[in-house]
Amino acid sequence: MRKLDLALFVVVGGIVIGGVVAVIVGNNRAATDVCTSTGANHVISISNGIMQPQDTLAQHCDTLTVINKDDITRRIAFGVHDHHQAYDGVSEKILHKGESLTVTLIKTGDYHVHDHYHDATEAEFTVK
Ligand SMILES: [Cu+2]
């Protein structure tokens with residue numbers, strides 16, 4: 001009888017632990033939204049302090065490039081000005097004149113990008 005209890009304990013314990021591990025692995029897979037290949041490239045260019053286009057509609061796994069065509073240095077950040085949120089591992093990047101940054105659109109949703117030094121220079125992009 002005691003052996004049977006022990007066997008039952010091991011079996012039930014194994015099922016519980018296996019379930020917990022499966023949930024953790026499943027959550028990690030959802031959080032790590034990886035693109036194995038990329039689609040179209042969308043460009044937001046900054047001229048005279050204005051990001052064009054103001055709204056970009058893209059598909060999941062497309063790429064987005066932000067180009068600074070102005071003479072001044074910009075600090076491009078994702079998220080709204082007072083609440084930066086990294087996108088594709090990029091939270092902020094300095095762009096001197098003519099420089100650009102490119103991210104892969106790994107997460108769906110509505111996002112915001114702006115120049116942290118001049119927060120009126122901003123645009124939105126939506127990833128479907
Ligand atoms: Cu900012």
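**A walk through a chain of strands**

D55 has a relative accessibility of 59%, so this residue counts as exposed. Exposed here means over 50%. In this predicted model, D55 sits in strand β3, which covers residues 55-58. D55 also has company: together with D82, D110, D119, E122 and E124 it forms a negative surface patch. Which strand gives the most to this negative patch? The answer is β10 (residues 118-127), which supplies three residues.

Let us step back and look at the whole chain. How many helices and strands make up the protein chain? The secondary structure comes to one helix and 10 strands. If you read along the sequence, you meet the helix and then the strands, in the pattern α-β-β-β-β-β-β-β-β-β-β. The chain has 128 residues, and 29% of them count as buried. The chain exposes about 8,100 Å², and 58% of this area comes from carbon and sulfur atoms. Contacts tell you how the chain folds back on itself. Take the contacts between residues at least 6 apart in sequence: 54% of these join residues at least 24 apart.

A good place to see such contacts is H60. You can find H60 in the loop between β3 and β4, where β4 covers residues 63-68. Is H60 buried, partly exposed or exposed? Its relative accessibility is 30%, so H60 counts as partly exposed. Now set aside the neighbours within four places in sequence. H60 is then in contact with D33, C35, L105, I106, K107, T108, V127 and K128. Try picking out D33 from that list in the 3D view. H60 and D33 are 27 residues apart in sequence, while their C-alpha atoms are 10.0 Å apart in space.

The loop between β3 and β4 also holds C61. What is special about the backbone of C61? Its phi is positive, about 80°, although C61 is not a glycine. The relative accessible area of C61 is 11%, so C61 is buried; the cut-off for buried is under 20%.

N48 gives you another positive phi to look at. Its value is near 50°, and N48 too is a residue other than glycine. Where does N48 lie? It is in the loop between β1 (41-47) and β2. N48 has a relative accessible area of 70%, which means that N48 is exposed.

Follow the chain a little further for one more backbone detail. A cis peptide bond joins Q52 and P53, with omega of about -5°. P53 belongs to the loop between β2 (50-52) and β3.

Finally, let us turn to the charged side chains that pair up. How many salt bridges are there? The count comes to four. One of the pairs is K97 with D71, whose side chains meet at 3.0 Å, N to O. K97 lies in the loop between β7 (92-95) and β8 (100-104) and D71 in the loop between β4 and β5 (74-80), so this pair ties together parts that are 26 residues apart in sequence. Are K97 and D71 buried or exposed? K97 is at 54% relative accessibility and so counts as exposed. D71 has a relative accessible area of 62%, so D71 is exposed too.

Next, look at R75 and E92. Their side chains form a salt bridge at 2.5 Å, N to O. R75 is in strand β5 and E92 in strand β7, so the salt bridge ties together parts that are 17 residues apart in sequence. R75 has a relative accessible area of 27%, so R75 is partly exposed. E92, at 31%, is partly exposed as well. Elsewhere, salt bridges that share partners join D70, R74 and D115 into one network.

Within this network, the side chains of D70 and R74 meet at 2.7 Å, N to O. What is the relative accessibility of D70? D70 is at 11%, so D70 counts as buried. R74 is at 2%, so R74 counts as buried too.

Key:
Residues are numbered from 1 along each chain as its sequence is written. Side-chain values use heavy atoms; hydrogens and water are left out. Patches are made of residues with over 30% relative accessible area and no salt bridge: like charges are joined within 9 Å, nonpolar side chains (Val, Leu, Ile, Met, Phe, Trp, Tyr) within 5 Å. Accessible areas come from the Shrake-Rupley method with a 1.4 Å probe; for residues, only the protein chains shown count as cover. Lys and Arg count as positive and Asp and Glu as negative; His and the chain ends are not counted. The place of a charge is taken as NZ of Lys, CZ of Arg, CG of Asp or CD of Glu. Helices (H or I, at least four residues) and strands (E, at least two) are DSSP runs, numbered from the N terminus. Buried means under 20% relative accessible area, exposed over 50%, partly exposed in between (1.4 Å probe, protein chains only). Contact means heavy atoms within 4.5 Å.
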